[in-house]
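Hi everyone, thanks for coming. Today I'd like to walk you through one protein, piece by piece, so please have the picture open in front of you.

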Amino acid sequence: MTEMAAPTFAKPESSASIDASLQDPATITSTPIGSASTPINIEKKVARFFEVGDKVLAVASFDGQPHLAEVIEKKGLTEGETEYYVHYSELNKRMDEWVVAAKVERYQSGGAIPLSHSAVSLASPRVGGTTPGTPGGDLFTPGSGDRKITRNLKRRYDEIHHVEKPVEELNPIDQCLEKEHEEKTKMKNIQVIEMGNWEVDTWYFSPYPAEYANVKKMYVCEYCLKYMRKEKSLIAHQAKCTQRQPPGKQIYCDEGREIVDADGKTTKSTPLCVFEVDGKENKIYCQNLCLIAKLFLDHKTLYYDVDPFLFYILTERDEYGHHHVAGYFSKEKNCAEEYNLACILTLPPYQRKGYGRFLISLSYELSKKEGRVGTPERPLSDLGQVSFRSYWTRVLLDVLREFRGNVSIKHISSITSLRSDDIVSTLQSLHLIKYWKGQYIISVTPKIIEEHLKTVPNQPHSALIPELLNWTPPDFSAVKV
């Protein structure tokens with residue numbers, strides 16, 4: 001989904017990464033565990049044999065540094081060495097990986113754990129920009145700046161940013177469901193996928209059929225999304241596959257824009273297209289898309305029942321007219337709620353290009369054409385929270401600047417299709433709204449708006465151009481899905 005430091009991906013012939021600071025050998029300083037410059041308390045001269053549930057110090061592949069981890073699973077290698085699947089305690093589950101025994105040491109309780117810069121950035125993604133006048137962070141971001149996080153502030157932060165409750169705080173039924181989900185998905189069943197020119201490290205478990213799962217690398221046709229276990233199968237398939245774009249109707253096409261760089265050179269941006277694909281009419285394609293998406297989304301539940309959904313697929317078009325899937329969002333055909341988006345993902349090789357914002361913007365443009373307000377289905381992933389908060393912040397600041405702050409929440413909702421509670425929560429995070437005599441009042445000056453806008457990134461060259469959207473709301477009222 002949207003964009004923070006992520007596991008590496010690379011073209012098969014290279015070792016490029018999403019974040020060069022995590023992978024570039026010139027920027028990584030690897031210090032042997034237990035050396036004088038690494039203050040770690042470990043047991044010396046012990047055999048490297050651990051059981052599931054043991055606390056260990058494992059050297060991570062993404063930064064070459066030791067991290068406190070828990071052993072999730074173990075297996076023996078053909079060379080006689082043991083390999084451990086570990087979860088790094090301070091990081092998201094997407095960073096879990098297999099580590100050879102030589103890079104694992106026993107952790108002694110009470111020992112000091114070094115938390116590298118990369119770990120901090122991966123564990124605590126920023127939500128929104130820095131609040132003007134607040135050096136070092138957002139007042140509503142726990143741990144940022146110098147403000148001490150209180151229980152009340154933490155509760156307000158969780159409400160504003162839709163942070164999921166810990167398992168122990170859920171009701172008994174949800175606790176059982178969450179624990180069942182964690183047990184089923186605790187280990188990645190596929191480590192890497194090769195798709196087009198990219199080799200991508202996966203993040204999470206995905207329920208591929210048993211005969212295709214539990215392979216280190218899986219091969220995917222980037223056009224029809226068919227998945228295979230062997231490279232020779234992919235080569236044979238590519239010789240027969242004639243598909244070069246998603247099925248369905250093309251509803252958007254940006255032929256590319258002229259970009260002038262710092263040296264005054266003019267280049268053209270990549271052409272972008274969007275296809276509307278009906279899950280009922282193109283079931284296999286949409287199921288394959290959902291299975292790929294689950295490799296990068298932890299709590300995605302839609303895999304095979306795709307009939308009730310439309311899929312809006314963003315592609316980059318190359319010079320040969322071939323379309324390469326960059327991301328997508330799904331939307332329920334007949335939704336009783338105000339949801340205008342069910343699931344959203346930007347594939348890792350295409351992240352940090354503004355495509356997450358593009359897809360979010362598209363979902364709201366569709367809502368405008370439908371004449372209704374919209375909001376994403378909850379819960380949002382951590383990357384989704386960042387992306388939607390960033391989008392809402394930019395849209396609201398632009399509206400407030402246009403109306404010089406003299407505008408009501410109702411009117412903002414009518415011209416943006418944002419739901420009122422999303423508007424209120426975003427303005428609260430920016431400290432631009434007050435609650436007085438039973439109603440919310442926007443409290444802002446042009447100067448404050450401009451200060452906030454300085455902290456918001458500029459529009460990328462991939463920003464959606466509404467005039468290029470050719471779409472009429474489909475009518476499914478008489479269709480049984």
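Let me begin with a question: which residue in β18 is the bridge partner of Phe-329? The partner is Ile-344. Before we follow that pair any further, please keep in mind that what you see is a predicted model.

First, the overall picture. The protein is built with 11 helices and 21 strands. It has 481 residues, and 49% of them count as buried. Now take the contacts with a separation of 6 or more: 61% of those are between residues 24 or more positions apart. As for the outside, about 24000 Å² is exposed, and carbon and sulfur atoms supply 51% of that area.

Back to our pair. Phe-329 and Ile-344 are bridge partners, and the strands β16 and β18 pair in the antiparallel sense over 4 bridges. These two strands belong to an open sheet of 5 strands, and if you trace across it, the order is β11-β14-β15-β16-β18, with antiparallel pairing. At the edges you find β11, residues 249–254, and β18, residues 343–346, each pairing on one side only. How much are neighbouring strands of this sheet turned against each other on average? Ignoring direction, the answer is 20°.

Two helices pack on this sheet, so to speak as its company. Helix α6, residues 283–294, touches β14, β15, β16 and β18, and its direction makes about 75° with that of β15. Helix α7, residues 355–370, touches β11, β14, β15, β16 and β18. The direction of α7 makes about 45° with that of β16.

Let's zoom in on one residue here. Ser-330 sits in strand β16, which covers residues 323–332. Is Ser-330 buried or exposed? Its relative accessible area is 0%, and the cut-off for buried is under 20%, so Ser-330 is buried. What does Ser-330 touch, if we leave out residues up to four places away in sequence? Its contacts are Phe-309, Leu-310, Phe-311, Leu-341, Ala-342 and Cys-343.

Now please turn to another sheet. This one is also open, with 5 strands in the order β5-β4-β3-β2-β6, and its pairing is antiparallel. The edge strands are β5, at 97–100, and β6, at 104–106; each pairs on one side only. On average, neighbouring strands of this sheet are turned by 50° against each other, direction ignored.

Let's visit some of its strands. Strand β2 runs from 55 to 59 and is mostly covered, with 4 of its 5 residues buried. On one side, β2 is joined to β3 by 5 bridges, and the two run antiparallel. One example is Lys-55, whose bridge partner in β3 is Glu-70. The hairpin of β2 and β3 has 6 residues between the strands, and Gly-64 there takes a positive phi near 70°. β2 also pairs with β6, in the antiparallel sense, over 3 bridges. There, the bridge partner of Val-56 is Arg-106.

How many bridges join β3 to β4? There are 7, between residues 66–76 of β3 and residues 82–88 of β4, and these strands run antiparallel. Among the partners are Lys-75 and, in β4, Glu-83.

Our next stop is a pair of helices. α9, residues 409–416, and α10, residues 420–429, pack at an angle of about 115°, with their axes 9 Å apart. Their crossing is right-handed. Which residues make the contact? From α9 they are Ile-409, Ile-412 and Ser-413, and from α10 they are Ser-420, Ile-423 and Val-424. Sorted by class, that gives 4 nonpolar residues, 2 polar ones and no charged ones.

The last stop is a hairpin. Strand β20, residues 433–436, is joined by 4 bridges to strand β21, residues 439–442, and they run antiparallel. Ile-433 stands opposite Ile-442 in β21. Between the two strands of this hairpin there are 2 residues, and Lys-437 in the turn has a positive phi of about 55°.

That's my tour, and I'm happy to go back to any part of it. Thanks for listening!

Definitions and conventions
Residues numbered from 1 in each chain as written. Predicted model: local features only at pLDDT ≥ 70, side-chain atom pairs only at ≥ 80, totals over all residues. Heavy atoms only, no water. Axes fitted to C-alpha atoms, helices over the stretch in contact; angles between N-to-C directions. Left-handed = near helix turned anticlockwise from the far one by under 90°. Contact = heavy atoms within 4.5 Å. Nonpolar A, V, L, I, M, F, W, Y, C, P; charged D, E, K, R; others polar. Pairing = 2+ DSSP bridges. Buried < 20%, exposed > 50% of the residue type's maximum accessible area, 1.4 Å probe, protein only. Areas by Shrake-Rupley, 256 points an atom, 1.4 Å probe, with all protein chains shown as cover.
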